[in-house]
Amino acid sequence: MSAAHLIPLFEQFCNDSSRWVRTAAYSNLGRFIATFDSESVTPSMLKLYTDMIHPKNKAQVGDPFITEFCSYSFPAVIFTIGKERWDEVA
């Protein structure tokens, strides 16, 4: 399957009604992004990733330690998107 098919499915998991599904999705979001090339990673997917550090989103996900997942995968995400897109995660 291509990124055009997988990314919308993953976004549905991030917005699922189940806290457990959302937590699992967000905990794997950085690794998921790192599986694509830069052109395939959508701005909305990067927004989901950067929103992981905001308190409002931590409440939505249900895991107070969600920022650890974000920081763990940060180098891979930055490497994947390339320096041309660093401003999207700033």
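Me: Let's start with cysteine 14: is it buried or exposed?
Reply: This is a predicted model, so everything here is about computed coordinates. Buried means a relative accessible area under 20%. Cysteine 14 has a relative accessible area of 0%, so it counts as buried.

Me: And what about cysteine 70, buried or exposed?
Reply: Cysteine 70 sits in α5, in the list of that helix's buried residues. Its relative accessible area is 7% and the cut-off is under 20%, so cysteine 70 is also buried.

Me: How many disulfides does the count come to?
Reply: A disulfide is a covalent bond between the sulfur atoms of two cysteines. Here a pair of cysteine sulfur atoms has to lie within 2.5 Å to qualify. By that rule, the number of disulfides is 0.

Me: Stepping back, what order do the elements of the chain run in?
Reply: The secondary structure comes to 5 helices and 0 strands. With no strands to place, the order from the N terminus on is α-α-α-α-α.

Me: What percentage of the chain's residues count as buried?
Reply: The accessible surface of the chain comes to about 5,500 Å², and carbon and sulfur atoms account for 63% of that surface. As for the residues, the chain has 90, and the buried share is 41%.

Me: Among contacts between residues at least 6 apart in sequence, what percentage join residues at least 24 apart?
Reply: Phenylalanine 32 and valine 77 make a handy example of a long sequence separation, being 45 residues apart in sequence and 9.1 Å apart in space, C-alpha to C-alpha. For the chain's contacts between residues at least 6 apart, the share joining residues at least 24 apart is 61%.

Me: Which residues touch the most other members of the largest nonpolar core?
Reply: That core has 22 residues. Helices α1, α2, α3 and α5 each supply at least two residues of this core. The ones touching the most other members are Leu29, Ile33 and Met45.

Me: Which helices do the buried residues of α3 pack against?
Reply: In α3, the buried residues are Met45, Leu46, Leu48, Tyr49 and Thr50. Methionine 45 touches Ile7, Phe10, Glu11, Leu29, Phe32 and Ile33, leaving out residues up to four places away in sequence. Taken together, the buried residues of α3 pack against α1, α2 and α5.

Me: What relative accessibility does leucine 46 have?
Reply: Leucine 46 is in helix α3, residues 43-50. Not counting residues up to four places away, it touches Ile33, Val41, Val77, Ile81, Arg85, Glu88 and Val89. Leucine 46 counts as buried because its relative accessibility is 1%.

Me: How far apart are the C-alpha atoms of leucine 48 and leucine 29?
Reply: Leucine 48 is in helix α3 as well, and with a relative accessible area of 14% it is buried. Its contacts, with residues up to four places away left out, are Glu11, Cys14, Tyr26 and Leu29. Leucine 48 and leucine 29 are 19 residues apart along the chain, and their C-alpha separation is 8.3 Å.

Me: Which residues is phenylalanine 32 in contact with, leaving aside its neighbours within four places in sequence?
Reply: Phenylalanine 32 lies in helix α2, residues 19-33. At 15% relative accessibility, under the 20% cut-off, it counts as buried. Its contacts beyond those neighbours are Leu6, Ile7, Phe10 and Met45.

Me: Where in α5 does the kink lie?
Reply: Helix α5 covers residues 66-81 and reaches 21 Å from its first C-alpha to its last, close to the 22 Å expected. There's a kink of about 50 degrees in this helix, shortly before proline 75. The residue where it lies is phenylalanine 74.

Me: Is serine 71 buried or partly exposed?
Reply: Serine 71 is found in helix α5, a helix with a buried set that includes Cys70 and Ser73. Its C-alpha is 8.9 Å from that of glycine 30, 41 residues away in sequence. The relative accessible area of serine 71 is 49%, and the range from 20% to 50% lies between buried and exposed, so serine 71 is partly exposed.

Me: What phi does glycine 82 take?
Reply: Glycine 82 comes just after α5. Its phi is positive, at about 80 degrees.

Terms used:
Residues are numbered from 1 along each chain as its sequence is written. This is a predicted model: local features need pLDDT of at least 70, side-chain atom pairs count only at pLDDT 80 or more; totals for chains, interfaces and linings use all residues. Side-chain values use heavy atoms; hydrogens and water are left out. Helices (H or I, at least four residues) and strands (E, at least two) are DSSP runs, numbered from the N terminus. Buried means under 20% relative accessible area, exposed over 50%, partly exposed in between (1.4 Å probe, protein chains only). Contact means heavy atoms within 4.5 Å. Accessible areas come from the Shrake-Rupley method with a 1.4 Å probe; for residues, only the protein chains shown count as cover. The expected span of a helix is 1.5 Å times one less than its number of residues. The bend at a residue is the angle between axes fitted to the seven residues ending there and the seven starting there. A nonpolar core is a set of buried Ala, Val, Leu, Ile, Met, Phe, Trp, Tyr and Cys residues joined through side-chain atoms within 4.5 Å.
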